Amino acid sequence: MEQREVPGDAVMTRIGQAVMLLHAGDREEARNRFGVIWSEIGERGEALHRCTLAHYMADTQDDPGDELAWDLRALTAAEGLTGAMVTDTAARHRDTDAVRALVPSLHLNLAEDYMKLQRFEAARLHLDRAWNAVGVLEDDGYGGGVRAALGRMEQRMRGSAPGEGA
């Protein structure tokens, strides 16, 4: 997921700062900062905040089960926003569009989590859902990157499925 700063959104700015720590290799400090932000916004915070934070918090986890739990939180937040009745506020539309573009990546992450846990049917389900959602992606670097990652995951699944020698 590509982190985009939202002008005037202090929570997204703080999430972005923690993401920079994560990308710089300081997973523990990033995890700590994400934890503080999560304790402030929790399950009732804005869907875009919850989705973004949970997505990145998953990347800081050492245990595949914990990673899965955070990725499921991210998807739940995304589905809550994209499936909700959208009001006519510009911010709500912006958030909905931003989250809708993340859905293929969220399903890809879940497929990867389930692969790590050797739950191949669940992995296949989320990979299929990711493929079904790629139509919302632009033909840009982000969209191309997600599509390429889906292709790599497809290859890994073919090599790891039960009965195929992995």
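How many salt bridges does a search of the whole structure find? The search turns up 9, and a few of them get their own close-up below. Keep in mind that this is a predicted model.

**View 1. A salt bridge between helices α1 and α2.** Here the side chains of Arg14 and Glu40 meet, with N to O at 2.7 Å. Arg14 sits in helix α1 and Glu40 in helix α2, so this salt bridge ties together parts that lie 26 residues apart in sequence. Neither end is fully tucked away: Glu40 is partly exposed at 48% relative accessible area, and Arg14 is also partly exposed, at 31%.

**View 2. A salt bridge within helix α2.** Glu29 and Arg33 bring their side chains together in a salt bridge, 3.0 Å from N to O. The two are 4 residues apart in helix α2, which means about one helical turn separates them. Glu29 has a relative accessible area of 29%, so it is partly exposed. Arg33 is partly exposed too, with 37%.

**View 3. Arg31 reaches Asp62.** The closest N and O atoms of this salt bridge are 3.9 Å apart. Arg31 belongs to helix α2 while Asp62 is in the loop between α3 and α4, so the pair ties together parts 31 residues apart in sequence. Arg31 is partly exposed, with a relative accessible area of 22%, whereas Asp62 counts as exposed at 60%. Follow the shared partners and you get one network of salt bridges, made up of Arg27, Arg31 and Asp62.

**View 4. Thr60, a buried loop residue.** Stay with the loop between α3 and α4, because Thr60 has its place there as well and is buried, with a relative accessible area of 0%. What does Thr60 touch, leaving aside its neighbours within four places in sequence? Its contacts are Leu22, Arg27, Ala30, Arg31 and Phe34. Two names on that list, Arg27 and Arg31, also turn up in the salt-bridge network with Asp62.

**View 5. The one aromatic pair, Trp38 and Trp70.** The structure holds 1 aromatic pair. How are its rings arranged? The ring centres of Trp38 and Trp70 are 5.1 Å apart and the planes stand at 85°, so this is an edge-to-face pair; the cut-off for that label is over 60 degrees. The pair links distant parts of the chain, with Trp38 in helix α2 (residues 27-41) and Trp70 in helix α4 (residues 64-82), 32 residues apart. Both partners are out of the solvent's way by the accessibility count: Trp38 is buried at 14%, and Trp70 is buried at 11%. Trp70 has company on its face too, since Arg73 lies over it at 4.2 Å from the ring centre.

**View 6. The largest nonpolar core.** This core has 48 residues. Which of them have the most contacts inside it? Those are Ile15, Phe34 and Leu53. Phe34 may look familiar, as it is also one of the contacts of Thr60. Seven helices feed the core with at least two residues each: α1 (10-23), α2, α3 (47-59), α4, α5 (90-116), α6 (120-133) and α7 (141-160). The biggest giver is α5, with 9 residues.

Notes
Residues numbered from 1 in each chain as written. Predicted model: local features only at pLDDT ≥ 70, side-chain atom pairs only at ≥ 80, totals over all residues. Heavy atoms only, no water. Phe/Tyr/Trp six-rings, centres within 6.5 Å; stacked < 30°, edge-to-face > 60°. Buried < 20%, exposed > 50% of the residue type's maximum accessible area, 1.4 Å probe, protein only. Lys NZ or Arg CZ within 6 Å of the ring centre and 35° of its normal. Core = buried A, V, L, I, M, F, W, Y, C linked by side-chain atoms within 4.5 Å. Contact = heavy atoms within 4.5 Å. Salt bridge = Lys/Arg side-chain N within 4 Å of Asp/Glu carboxyl O.
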